[in-house]
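Visitor: Could you walk me through this one slowly? I am new to reading structures.
Guide: Gladly, and here is what we will be looking at.

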Amino acid sequence: MTSTTDQVAGLDDLAATTLLRFATAGSVDDGKSTLVGRLLHDSKSVLTDQMEAVEAVSARRGQDAPDLALLTDGLRAEREQGITIDVAYRYFATARRRFILADTPGHVQYTRNMVTGASTADLAVVLVDARNGVIEQTRRHAAVAALLRVPHVVLAVNKMDLVGYAESVFATIAEEFTAYASDLGVPEITAIPISALAGDNVVEPSANMDWYGGPTVLEHLETVPVSHDLTACPARFPVQYVIRPQTPEHPDYRGYAGQIASGVLRVGEAVTVLPSGRTSVIEGIDALGEPVDIAWAPQSVTVRLKDDIDISRGDLIAPSANAPATTQDVVATVCHVADQPLAVGARVLIKHTTRTVKAIVKEIPSRLTLDDLSQHPDPGQLVANDIGRVVVRTAEPLALDAYADSRRTGSFLLIDPADGTTLAAGMAGESFASQAEAADAARDDDGWDF
Amino acid sequence: MTTTVAHVHEETDAPYALSHLDALESEAVHIFREVAGEFEKPVILFSGGKDSIVMLHLALKAFAPAPVPFALLHVDTGHNFPEVLDYRDRTVTEHGLRLHVASVQDYIDAGTLRERPDGTRNPLQTVPLTEAIHNLKFDAVFGGGRRDEEKARAKERVFSLRDEFSQWDPRRQRPELWQLYNGRHAPGEHVRVFPLSNWTELDVWQYIAREGIELPEIYFAHEREVFRRNGMWLTAGEWGGPKEDETTETRLIRYRTVGDMSCTGAVDSDATTLDAVIAEIAVSRLTERGATRADDKMSEAAMEDRKREGYF
């Protein structure tokens, strides 16, 4: 084990930290579990009783060293079969930041698992084995990160110890990956040469790679900016719940509770309520009981309006100057996450922000092959882990943004009305891999902001 | 009349950032409001422990100035700390809440549950809990479970669908994407909801300190008659301890978790204030459950097995 710098934070520092959500992606033998175990272990996030349990099991299995991968395999079936079933969430902290890690397994069901993990991530770590370089699986991971609009991608070139810590090996892989991911539209890519097993450049800078001048994985995770860009977007406020106490103290209070999906809301601002199109002015904002002048994403607040207009759960409040168009024809890319297929003609429910409406799948124009990003026209249906373009007609208008503009108001679920199964994860608007088709859709519906 | 909150700015350098506690609070409130908007009859599982106390505090903030639109459900093992029951009842009165109690002792007295040889009542909670959910027709049940507590919990969804037998099947969980929670369920099924999924023990304590939330006094250092069993300090009492070969002593201790007296261990501590407790946890090298829960030590998959049967 490498020695570590002292990461125990002072009490004042503990309150001042920010939160970074990130996801890991890697195929089975890339050493992802070891990297995650190393991050947890070297950031002193593994406590004595957890480590003792890992040591005991490792010894029972006849392993010389504690198997850090055991820190992350929690279920009976996972331990019995040596596989990871599903996304798990891990928590660790340093003096500078708190982390929520979506630990996504890299086996055959990679797509839906990685989509799940990446949907809430500010950053994705894509792991590559230095001996193999960029392979098909790496391209899939990059494509999913791009599709889900993960703002930051880290390429961790692992097992550098097995290629003699050679700079040229790292440089070739980093260059190839950066070119590929940039083409997909990944805005920021950071490549880091590491050995998760030996601990090089994970938490501690490597003495074996003095040619590398960049940050370690942890340093990068600690300093990468979290999604402030949410507040640069137009404000979107999906109404979750109407608060009407009707008590002697608050006989007339009527507040619209919700979490600001993007942007900033200010008292005095002119707003439009969708889909009705009624307008009013923000009279007050209550930030969990405390009145404020201004609030921003992702704060949960309660908004009061000057006019007593009919607003209920599922409505969207947006600045009148920058309100989204509404549509009943949703063109989107979906990742199919259920075992039962999704076919043309299927009657489904669409859950978009706080609104759930009936819908019908009108078309499935194409299915995407992640390996080479080629489009297969008219597949007829999508099965588990497929990514495809769909056209969905909804029973009521939705105030949808393009996913490219807002991960929160551009995303939706398709749900099976019969048994409630989540069928697909949807991203409205243009997709990186089907720009020609998206342009066609835009001509049909000028409400789309492509 | 409006004022700008300054504390959000103070905690971070960027103008429109949220501190991690504000982000967690905002997310948990969003979850409470989603459930209020989508379910017919939700209930908050309330034990008088710090996690359920934080849940109730978040619910109070989420619906202010209106009252919390949910009742509370307490599974009473019959071996609860009196200080905690007192806290529970005071809280219910103070906020005008409705409390349902599912009693393990009633089941034992009726002969439908049998006392275990080791005297531990925690695993016995599952039957009264699931029967209360079904009899009272709750369709959403808030639990204070956190994913950082245990490896099986790390796999738990925020909205966790349970079948008509209240069972959790880790292989049949719905993928949870963005902040879009799917709570659809068939009649007879229900959803367990975990608003504190993304919180750690330290987050909970820091939030309690920031919000000035009152806790039962057993969370702070005090002198108590305890005895040693399976490497833990257990409270002596009528519930069945100590046995003949066990001896009591008076020690300065506090509790890190609150549960059934028969399986919740105390830790040696002189932390009498919130700051002292937080300082103690920040440097602790033992997990909360590792330090205090006998029932999790029964087997490597104890929590998973209990969850499968309907436990939280």
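Visitor: Which residue forms a salt bridge with A:Lys351?
Guide: In this predicted model, A:Lys351 pairs with B:Glu38, the closest N and O atoms being 3.4 Å apart; a salt bridge here is a side-chain nitrogen of Lys or Arg within 4 Å of a carboxyl oxygen of Asp or Glu. The pair crosses between chains, from strand β19 (residues 347-352) of chain A to helix α2 (residues 20-38) of chain B, where helices (H or I, at least four residues) and strands (E, at least two) are DSSP runs, numbered from the N terminus.

Visitor: Is A:Lys351 buried or exposed?
Guide: A:Lys351 counts as buried, because its relative accessibility is 2%, whereas B:Glu38 is partly exposed at a relative accessible area of 33%. Buried means under 20% relative accessible area, exposed over 50%, and partly exposed in between (1.4 Å probe, protein chains only).

Visitor: What else forms a salt bridge with B:Glu38?
Guide: A:Arg313 does, with the closest N and O atoms 3.0 Å apart. Across the interface of chain A and chain B the rule finds 6 salt bridges, and a search of the whole structure finds 40 over all chains.

Visitor: How many residues does the contact take from each chain?
Guide: With contact meaning heavy atoms within 4.5 Å, it takes 91 residues from chain A and 78 residues from chain B.

Visitor: Now, chain B alone: where does B:Arg146 make a salt bridge?
Guide: The side chain of B:Arg146 meets that of B:Asp148, at 2.9 Å from N to O; B:Arg146 is buried, with a relative accessible area of 1%, while B:Asp148 is partly exposed at 25%. There is also a network of salt bridges linking B:Asp22, B:Glu25, B:Lys61, B:Arg210 and B:Glu211.

Visitor: What pLDDT does chain B average?
Guide: Chain B averages 85, and 89% of the residues score at least 70, pLDDT being the predictor's confidence in each residue, from 0 to 100. Over residues 1-13 of chain B, however, the pLDDT is below 50. Where pLDDT is low, the predicted coordinates should not be read in detail.

Visitor: Any ground rules for the numbering and values?
Guide: Residues are numbered from 1 along each chain as its sequence is written, and chains are lettered from A, and ligands numbered from 1, in the order in which they are written. Local features need pLDDT of at least 70 and side-chain atom pairs count only at pLDDT 80 or more, though totals for chains, interfaces and linings use all residues, and side-chain values use heavy atoms, leaving out hydrogens and water.
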